[in-house]
Amino acid sequence: MNSQVKEKWIAALRSGEYEQGKNKLRGSEGFCCLGVLCDLYSQEPFTQGWKFNGEYEKSPLPMDYWYFDEESEFLPKSVMEWSGLETNCPGVAVEDDDAGERIYDSIANLNDSGYSFTALSNIIEEQL
């Protein structure tokens, strides 16, 4: 990962300026950790911003959808290239299981399962 982008991402996650959301890059409740990275990219010159596509009416729960370069759940190619990430949803080692094997998970799944932005920033700092 690009070290300068990584530093910006870690700082943004630790800043308290972003409310944490789940299940999509950005929603009315806040941002996924990957959405924070997209938002940082949106602040660069000559980049597109967020596009609001309204609420998904068929869901039993209200779900608003914001898109960044036509993506709503994972990193778009433009953000991957800018950040130097090779995948749209990076995997990280979380812990060892009972047999001493490393358990891996996606950073988006960790975000959605309750890891705080601070905890995620520590994982990003150590592993990406």
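# A tour outward from a buried aspartate

Select Asp 39 to begin: in this predicted model, Asp 39 is buried yet takes part in no salt bridge, and the nearest side chain of opposite charge, that of Arg 26, is 4.9 Å away. A salt bridge here needs a nitrogen of Lys or Arg within 4 Å of a carboxyl oxygen of Asp or Glu, so a separation of 4.9 Å does not qualify. Asp 39 belongs to helix H2, which runs over residues 33-42, and, leaving aside neighbours within four places in sequence, Asp 39 is in contact with Tyr 18, Phe 31 and Trp 50.

Now select the whole of H2, residues 33-42. Of the 10 residues in H2, 10 are buried, so the helix is largely enclosed by the rest of the structure. To see what does the covering, show helix H1 (3-15), strand E2 (30-31), H3, helix H4 (107-112) and helix H5 (117-127), which are included in what lies over the buried residues of H2.

The next selection is the largest nonpolar core, which has 33 residues, and in which Trp 9, Cys 33, Leu 34, Val 36, Leu 37, Leu 75 and Val 79 touch the most other members. The elements giving two or more residues to this core are H1, H2, H3, H4 and H5, and H2 gives the most, with 7 residues. Pick out Leu 34 and, not counting residues up to four places away in sequence, you will find that Leu 34 touches residues including Trp 9, Leu 25, Leu 75, Pro 90 and Ile 107.

Turn next to the aromatic rings, of which the whole structure holds 6 pairs. Select Trp 50 and Phe 68, whose ring centres are 5.2 Å apart and whose planes meet at 70°, so this pair is edge-to-face. Trp 50 sits in the loop between H2 and E3, and Phe 68 in the loop between strand E4 (63-67) and helix H3 (77-83), so the pair ties together parts that are 18 residues apart in sequence. Trp 50 counts as buried at 16% relative accessibility, and Phe 68 counts as buried at 1%. A second pair, Phe 52 with Trp 66, is tilted, with 5.0 Å from centre to centre and 50° between the planes; it joins strand E3, where Phe 52 lies, to strand E4, where Trp 66 lies, 14 residues apart. Keep Trp 66 selected and add Arg 26, which lies over the face of that ring at 3.8 Å from the ring centre. To widen the view, select Tyr 18, Phe 31, Tyr 41, Trp 50, Phe 68 and Trp 82, which form one aromatic cluster.

The last group of stops concerns charge, and a search of the whole structure finds 3 salt bridges. Lys 8 and Glu 44 meet at 3.1 Å, N to O, and this pair links helix H1 with the loop between H2 and E3, 36 residues apart. Glu 125 and Arg 14 meet at 2.9 Å, N to O, linking helix H5 with helix H1 across 111 residues. The remaining bridge, between Glu 81 and Lys 77 at 4.0 Å, N to O, lies within helix H3, where these residues are 4 apart, about one turn of the helix. Glu 81 is exposed, with a relative accessible area of 54%, and Lys 77 counts as exposed at 61%.

Finish at Phe 46, in the loop between H2 and strand E3 (51-56), which is exposed, with a relative accessible area of 87%.

Terms used
Residues numbered from 1 in each chain as written. Predicted model: local features only at pLDDT ≥ 70, side-chain atom pairs only at ≥ 80, totals over all residues. Heavy atoms only, no water. Buried < 20%, exposed > 50% of the residue type's maximum accessible area, 1.4 Å probe, protein only. Lys, Arg positive; Asp, Glu negative; His and termini not counted. Contact = heavy atoms within 4.5 Å. Phe/Tyr/Trp six-rings, centres within 6.5 Å; stacked < 30°, edge-to-face > 60°. Lys NZ or Arg CZ within 6 Å of the ring centre and 35° of its normal. Core = buried A, V, L, I, M, F, W, Y, C linked by side-chain atoms within 4.5 Å.
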